[in-house]
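Work through the exercises below with the sequence and the structure open side by side. Try each task before reading its solution.

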Amino acid sequence: MARSTQQQAIIDRHKQIAEALDGCGALKMEQNAATDLETEEEYLLMEYMELLDHIPVSRCPICGADLKVTIDLAGFDGPWWWTTCPVDLPTHKSCQHFQVFLGAVHLRGTEPEESSESVMVGPAIPFVVTRLLEHPTAKAVLSALKTHEGHTVFIIAYYAEKPFPQAESHQEFRHESYALLDDQGEIEFSEHKHDRWEFDLDPWLETGQLTWIAPEDTSLILRSGLESPYKGLDGTKMNQVLEYGEVDLYEAPHDQKDTKFERH
Ligand SMILES: [Zn+2]
């Protein structure tokens, strides 16, 4: 399914505005003109989000419900991918067991030229976070989708009968942090996890705590066992960040102490 003309027009116009507001351009601009562009930018982003379709990407191993998210497979210039996006993203359609999803992207040696804003896609091959799987009742499901350009997006979705305490969850795929809410549902803290990515999936496949869906299986049949198509994949284990048509590699998280979002 191609990105609609309307969605593409929104993204193209947004790029123009971002360029106009960037650096010297904004300084030379009248304040009113800059404010108008910022307002237009926000409207464009909200319109783009409304046009995204929910796509089934995983299935709950506890109750069998689909997990549907609005992942934009048409290109990494889609604001859905941005590490930070100034407008709210559409909520996922899921059962109550779904906790969070992490991800990885195999770029097949390409550098997606469309990327403009910073997009953090993680490693090229799937992994698990041991800490999350150590929660009582936690299970994970691995699946894979293709972008329109043929890149593979791996989704590792976590489910549990007993929800993860929010401070013990994890930021979603492609994001740097997640919000901790107070009793009134207001944002209290920004939490950032640095859990090591564990690429040896066998121990978890053996216990059945990790199951998988064959790549691009739209019927989302849950399968188990070691003989998965996710075994022995080649690709970087570093953190890939896309920006302005280039791919930069950064050190993967390694259980380091959080400093950026330290609480006081
Ligand atoms: Zn469920």
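The exercises that follow concern a predicted model.

**Exercise 1. The zinc site**

Task: Find which residues coordinate the zinc ion, and work out the geometry of the site.

Solution:
- Step 1. List the donors. They are Cys60 (SG), Cys63 (SG), Cys95 (SG) and His97 (ND1), at 2.1 to 2.4 Å from the zinc ion.
- Step 2. Check the angles. Among the four donor atoms they run from 104 to 115 degrees. Four donors count as tetrahedral if all angles lie between 85 and 135 degrees. The site of the zinc ion is therefore tetrahedral.
- Step 3. Read the spacing in sequence. The donor residues follow the pattern C-x2-C-x31-C-x1-H.
- Step 4. Place two of the donors on the fold. Cysteine 63 is in the loop between β1 (55–59) and β2 (66–69), and cysteine 95 is in the loop between β2 and β3 (98–106), so this pair ties together parts that are 32 residues apart in sequence.

**Exercise 2. Three cysteines, sorted by exposure**

Task: Classify cysteine 60, cysteine 63 and cysteine 95 as buried, partly exposed or exposed.

Solution:
- Step 1. Set the cut-offs. Buried means under 20% relative accessible area, and exposed means over 50%.
- Step 2. Take cysteine 60. Its relative accessible area is 0%, so cysteine 60 is buried.
- Step 3. Take cysteine 95. At 14%, cysteine 95 is buried.
- Step 4. Take cysteine 63. Its relative accessibility is 44%, so cysteine 63 counts as partly exposed.
- Step 5. Look around cysteine 60. This residue lies in the loop between β1 and β2. Setting aside residues up to four places away in sequence, cysteine 60 touches Ala65, Cys95, His97, Tyr159 and Leu222. Cys95 and His97 are also zinc donors.
- Step 6. Take a longer step along the chain. Cysteine 60 and lysine 139 are 79 residues apart in sequence, yet their C-alpha atoms are 8.9 Å apart.

**Exercise 3. The sheet of five strands**

Task: Trace the order of strands in the open sheet of five, and state how they pair.

Solution:
- Step 1. Write the order. It is β3-β6-β5-β9-β10, with mixed pairing.
- Step 2. Mark the edges. β3 and β10 each pair on one side only.
- Step 3. Start at β3. Eight bridges link β3 to strand β6 (residues 152–160) in the antiparallel sense. Valine 105 stands opposite valine 153 in β6.
- Step 4. Move to strand β5 (residues 138–146). Three bridges pair β5 with β9 in the parallel sense. Alanine 140 has leucine 210 in β9 as its bridge partner.
- Step 5. Finish at β10. β9 and β10 are antiparallel, with two bridges. Here tryptophan 212 has arginine 223 in β10 as its bridge partner.
- Step 6. Inspect strand β9 (residues 210–213). Both of its faces are covered. Leu210 and Trp212 are buried on one side, and Thr211 and Ile213 are buried on the other.

**Exercise 4. The sheet of three strands**

Task: Identify which strands stand at the edges of the open sheet of three.

Solution:
- Step 1. Write the order. It is β4-β11-β12, with antiparallel pairing.
- Step 2. Count partners. β4 (119–122) and β12 (246–250) each have a single partner strand, so one side of each is left without a neighbour in the sheet. These two are the edge strands.
- Step 3. Add the twist. It averages 30 degrees from one strand to the next.
- Step 4. Examine one pairing. Five bridges join strand β11 (residues 239–243) to β12. Asparagine 239 stands opposite tyrosine 250 in β12.

**Exercise 5. Two domains and two single residues**

Task: Describe how the two domains meet, then decide whether serine 228 is buried or exposed and do likewise for tyrosine 43.

Solution:
- Step 1. Set the bounds. The domain assignment gives domain 1 (1–51) and domain 2 (53–250).
- Step 2. Describe the meeting. The C-alpha centres of the two domains lie 28 Å apart. 14 residues of domain 1 are in contact with 19 residues of domain 2.
- Step 3. Take tyrosine 43, in helix α3 (residues 31–51). At 54% relative accessible area, tyrosine 43 is exposed. Its C-alpha atom is 9.6 Å from that of isoleucine 10, which is 33 residues away along the chain.
- Step 4. Take serine 228, in the loop between β10 (222–223) and β11. At 9% relative accessible area, serine 228 is buried. Leaving aside neighbours within four places in sequence, serine 228 is in contact with Leu205 and Trp212.

Conventions: Residues numbered from 1 in each chain as written. Predicted model: local features only at pLDDT ≥ 70, side-chain atom pairs only at ≥ 80, totals over all residues. Heavy atoms only, no water. Donors = N, O, S within 2.8 Å, 3.2 Å for Na, K, Ca; no water. Tetrahedral: all angles 85-135°; square planar, octahedral: opposite > 155°, others 65-115°. Helix = DSSP H or I, 4+ residues; strand = E, 2+ residues; numbered from the N terminus. Buried < 20%, exposed > 50% of the residue type's maximum accessible area, 1.4 Å probe, protein only. Contact = heavy atoms within 4.5 Å. Pairing = 2+ DSSP bridges. Axes fitted to C-alpha atoms, helices over the stretch in contact; angles between N-to-C directions. Domains from an automatic or database assignment.
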